[in-house]
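Welcome! Here is a short guided tour of a protein model, with its open spaces, its strands and a few local details along the way.

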Amino acid sequence: MSAGMRPLPPELDTPAWLHGETAFTTARTQAGEVLDWPAHLQRLRGTCAFLGLPEPEPALPALEPLPWGLLRVTVAGGGTFFSHRPLNPGPRPELGMTVRVTGIQVHPQLAAHKTGNYLPYRLAALAASPDHEGWLLDGHGNVVDGSRTSPLLELGGQRVVPAGGLPGLTRAAFLAGQEVLERPVHVSELARVTRAWVCGSGVGVVPVRAIRGVGLDLALPCAWPDTPDSRLVWPFIPS
């Protein structure tokens with residue numbers, strides 16, 4: 001039986017809770033050390049300035065020395081907050097991940113930022129099931145971002161970052177020192193993709209074995225990056 005309508009608790013009567021007026025970043029940790037924190041802090045500062053939020057606290061708290069962890073730092077009107085949890089995405093998908101191009105669109109002003117206005121990404125993840133990841137579009141039909149990761153494509157022998165989404169830090173670390181082109185990528189171009197990857201703090205850099213949706217069912221070769229970089233590998237939890 002329904003409990004009926006209840007008064008909103010005063011602590012929830014805030015822009016952060018009502019409107020998603022927060023900025024956040026999620027960083028991988030290893031043995032309690034935060035990986036790539038300066039880059040995360042710089043991006044978080046930019047989003048806070050864009051939203052008119054306070055500067056994020058730069059000093060990190062002492063963290064439990066988990067083998068692999070995921071640190072979320074959130075900035076709201078009331079200050080900077082953190083949570084830290086074990087990172088265990090499960091067995092590595094040796095054959096690669098599958099991706100579905102969804103009809104969900106990013107917010108045109110917020111797509112370059114990680115904010116509490118996160119509903120489009122949640123909807124894309126739901127629309128992608130049972131595939132591993134959902135890609136979001138802009139208003140012109142360009143692929144711009146993933147529901148949980150940043151896309152990276154190979155087109156015409158060149159690595160291409162789709163323009164218009166979040167500047168992914170795991171992807172940037174993977175591409176450091178490589179020749180790459182950032183440009184709009186329309187869904188009509190996806191049939192010509194020869195390789196693809198998804199990149200994020202939670203999974204590292206993972207090859208895509210299939211792109212589906214928008215009349216497409218494209219099989220791709222799977223080759224995992226050969227790297228010892230802790231930011232880029234699939235988190236392995238010893239048994």
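## A tour of the pockets, the sheet and the backbone

The residues that line the largest pocket divide into twelve nonpolar, 15 polar and nine charged. Please keep in mind that this is a predicted model. The lining of the largest pocket counts 36 residues, and those nearest its centre are Thr26, Lys114, Tyr118, Arg148 and Thr149. The space in this pocket comes to about 840 Å³.

Many parts of the chain meet around this opening. At least two lining residues come from each of strand 1 (23-30), helix 2 (37-51), strand 3 (69-76), strand 4 (79-86), helix 3 (119-128), strand 7 (142-146), helix 4 (169-175) and strand 12 (193-200).

Now for the second largest pocket, which holds about 190 Å³ of space. It is lined by 13 residues, with Val161, Pro167, Gly168, Arg171 and Glu182 the closest to its centre. Two or more lining residues are given by each of strand 9 (158-162), helix 4 and strand 10 (180-183). Which element gives the largest share of this lining? That is helix 4, with four residues. Sorted by class, the lining of the second largest pocket has eight nonpolar, three polar and two charged residues.

### Closed spaces

Besides the pockets, the whole structure has three cavities of 30 Å³ or more. The table sets out two of them.

| Cavity | Volume | Nonpolar residues | Polar residues | Charged residues |
|---|---|---|---|---|
| Largest cavity | about 70 Å³ | two | three | three |
| Second largest cavity | about 50 Å³ | four | four | no charged |

Around the largest cavity you will find Arg28, Leu35, Asp36, His40, Leu169, Thr170, Ser201 and Arg231. The second largest cavity is lined by His107, Leu110, His113, Thr115, Asn117, Tyr118, Pro120 and Tyr121. Tyr118 may look familiar: it is also among the residues nearest the centre of the largest pocket.

### A sheet of four strands

Strands of a sheet pair through backbone hydrogen bonds, either parallel or antiparallel. Here, four strands make an open sheet in the order 2-1-3-4, and their pairing is antiparallel. At the edges are strand 2 (33-34) and strand 4, each of which pairs on one side only. How many bridges link strand 3 and strand 4? Eight bridges join this antiparallel pair. To follow one of the contacts in strand 4, look for Thr80, the bridge partner of Val75. Strand 1, strand 3 and strand 4 appeared earlier too, as each supplies at least two residues to the lining of the largest pocket.

### Backbone details and a surface patch

Most residues other than glycine have a negative phi, and most peptide bonds are trans. Two places in this model are worth a look with that in mind. Ala31 is not a glycine, yet it has a positive phi of about 55°. This residue sits in the loop between strand 1 and strand 2. The other place is the bond between Ser129 and Pro130, a cis peptide bond with an omega of about 10°. Pro130 belongs to the loop between helix 3 and strand 6 (133-137).

Our last stop is on the surface, where Leu8, Trp17 and Leu18 form a nonpolar patch. Together these three residues have about 300 Å² of accessible area. Trp17 is part of helix 1 (residues 15-19).

Note on methods. Residues are numbered from 1 along each chain as its sequence is written. This is a predicted model: local features need pLDDT of at least 70, side-chain atom pairs count only at pLDDT 80 or more; totals for chains, interfaces and linings use all residues. Side-chain values use heavy atoms; hydrogens and water are left out. Patches are made of residues with over 30% relative accessible area and no salt bridge: like charges are joined within 9 Å, nonpolar side chains (Val, Leu, Ile, Met, Phe, Trp, Tyr) within 5 Å. Accessible areas come from the Shrake-Rupley method with a 1.4 Å probe; for residues, only the protein chains shown count as cover. A salt bridge is a side-chain nitrogen of Lys or Arg within 4 Å of a carboxyl oxygen of Asp or Glu. On a 1 Å grid over the protein atoms alone, a cavity is a set of points where a 1.4 Å probe fits but cannot get out, and a pocket is an open set with protein on both sides within 12 Å along at least five of seven lines; lining residues have an atom within 4 Å of a point. Grid points are joined across faces, edges and corners, and a volume is the space filled by probe spheres set on the points. Ala, Val, Leu, Ile, Met, Phe, Trp, Tyr, Cys and Pro count as nonpolar, Asp, Glu, Lys and Arg as charged, and the others, Gly among them, as polar. Two strands pair if DSSP finds at least two bridges between them.
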